[in-house]
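Hi,

Here is the structure I promised to pass on. Have a look at it first, and then read on for what turned up.

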Amino acid sequence: MRARAPLPPALVAGAAICALVAALALISLVWTPYPAQAMGVAGQLAAPTPSHPFGSDPFGRDVLSMVIGGTRNALAVALAACAIGVGVGAPLGLLAAARGGMVGEAVMRASDMVFAFPALLIAVLLSAVLGPGASNAVIAIGVFNVPVFAKVARGAALTLWAQDYVLAARLAGKSRWRISLEHIAPNLMNGLVIQGAIQLSLAVVADAGLSYVGLGVQPPAPSWGRMLADAQTLYAAAPWLALFPGGAIVLTVLGFSLLGDGLRERLDPRNQEGV
C-alpha cells in the first residue's frame, strides 16, 4: 500500500495563517483588549507600549483592538462576496456547459464583459451607485466573483462531459440536468475550493481598497482600509498606524494565497504522481 504523500508546505503554512486570522475574527466577537471605538484624549498617538502593543491613533483608540475588529469585518465581507460568486457563478457555468450553443455563449460573453474592467474599478462603480457600506461592498465584490467561478465551473464541466462515465449516463437515458447534478457538480468541488481560496485573498484586497476610499465598511466599525487612509498623513510621525493594519492585510492575503496554491498542489490530479 502506497503511503500518502506529505502535505504541501504551502498548504500547511496557508492553513496555519488562515486559522490564526479566523481565530482572531472569532475572538473579536466577544473580546478585544479595549473597546475598538473607545477614544481617549490622554492617549492620542501613543507609541507602542506593553499596555498598547500596537500604539494608539489620533483619537486615542487602541490600534490592536481596531486591527482585531477589522479582521472580523474583512473576513465577513470576503466570505460573503465569495459565497455570492460560487452561488451564482457555478450554476451559470454548469448551465453553459450543459446547454452549450447560444446559452453557453451568452453566459461566457457576459463574463468577458465583466472581465474587461478591473475588479476594483467595478467594485468602486457599484459601491458609488449603491452607496457606501459593508453590504454594498459585498455585492460589488461578489459581482466580479460571479464570472470567475462561472468560467472555472464551465471549463471543468466541459472536460467532465467527455468522460466515459458521463457518456454511459447519457446512454442510460439520463437528462443533461440530471447528469449535471449527479455526476458533474460533485466533481467540480475541488476546482471551486481552490479558486475560492484565491478569490478570498482578492476579496480582502478589494474590501480594503473600498474602505480606503470610503465606500466599504463605515465608521465606527473598524476597517483595515480606512485605518490606512487615516494613517497616510501621519506616516512620518506615527508609522505604526499604517504598519499594523497593512501587515494584517498582507498576512491575510498571503495566507489565502498559500492555501490556494497548496490546495491546487494537493487536489489537482495533474499534480499527483503517477497520474
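One thing caught my eye straight away: helix H8 passes helix H9 in a right-handed crossing. Before you read too much into that, keep in mind that this is a predicted model.

Let me stay with that pair for a moment. In general, two packed helices are described by the angle between their axes and the distance between the axes. Here, H8 covers residues 189–212 and H9 covers residues 224–231, and their axes come within 6 Å and cross at roughly 45 degrees. That angle lies between the under-35 range that counts as roughly parallel and the 65 to 115 range that counts as roughly perpendicular, so H8 and H9 are oblique to each other.

Which residues meet there? From H8 you have Val204, Ala208, Ser211 and Tyr212, and across from them in H9 are Trp224, Gly225, Arg226, Leu228 and Ala229. By type, the residues of this contact divide into six nonpolar, two polar and one charged.

H8 itself is worth a look too. With its 24 residues, H8 reaches 34 Å from its first C-alpha to its last, close to the 34 Å expected at 1.5 Å a residue. Is H8 enclosed or open to the outside? Buried here means under 20% relative accessible area, and 17 of the 24 residues of H8 meet that mark, so H8 is largely enclosed by the rest of the structure. After H8 comes Gly214, with a positive phi near 85 degrees.

Now for the overall picture. The protein has ten helices and zero strands, so to speak an α-α-α-α-α-α-α-α-α-α pattern when you read along the sequence. Its C-alpha atoms fill a box of roughly 80 × 55 × 30 Å, taken along the principal axes. Of the 275 residues, 43% count as buried. As for contacts between residues at least 6 apart in sequence, 69% join residues at least 24 apart.

One last residue to click on is Leu121, which sits in helix H4 (residues 119–130). Its relative accessible area is 38%, and Leu121 is therefore partly exposed. The C-alpha atoms of Leu121 and Ala140 are separated by 9.7 Å, with the two residues 19 apart along the chain.

Happy browsing, and shout if anything is unclear.

Cheers

Methods: Residues numbered from 1 in each chain as written. Predicted model: local features only at pLDDT ≥ 70, side-chain atom pairs only at ≥ 80, totals over all residues. Heavy atoms only, no water. Axes fitted to C-alpha atoms, helices over the stretch in contact; angles between N-to-C directions. Helix = DSSP H or I, 4+ residues; strand = E, 2+ residues; numbered from the N terminus. Parallel < 35°, antiparallel > 145°, perpendicular 65-115°, else oblique. Left-handed = near helix turned anticlockwise from the far one by under 90°. Contact = heavy atoms within 4.5 Å. Nonpolar A, V, L, I, M, F, W, Y, C, P; charged D, E, K, R; others polar. Buried < 20%, exposed > 50% of the residue type's maximum accessible area, 1.4 Å probe, protein only. Expected span 1.5 Å × (residues − 1).
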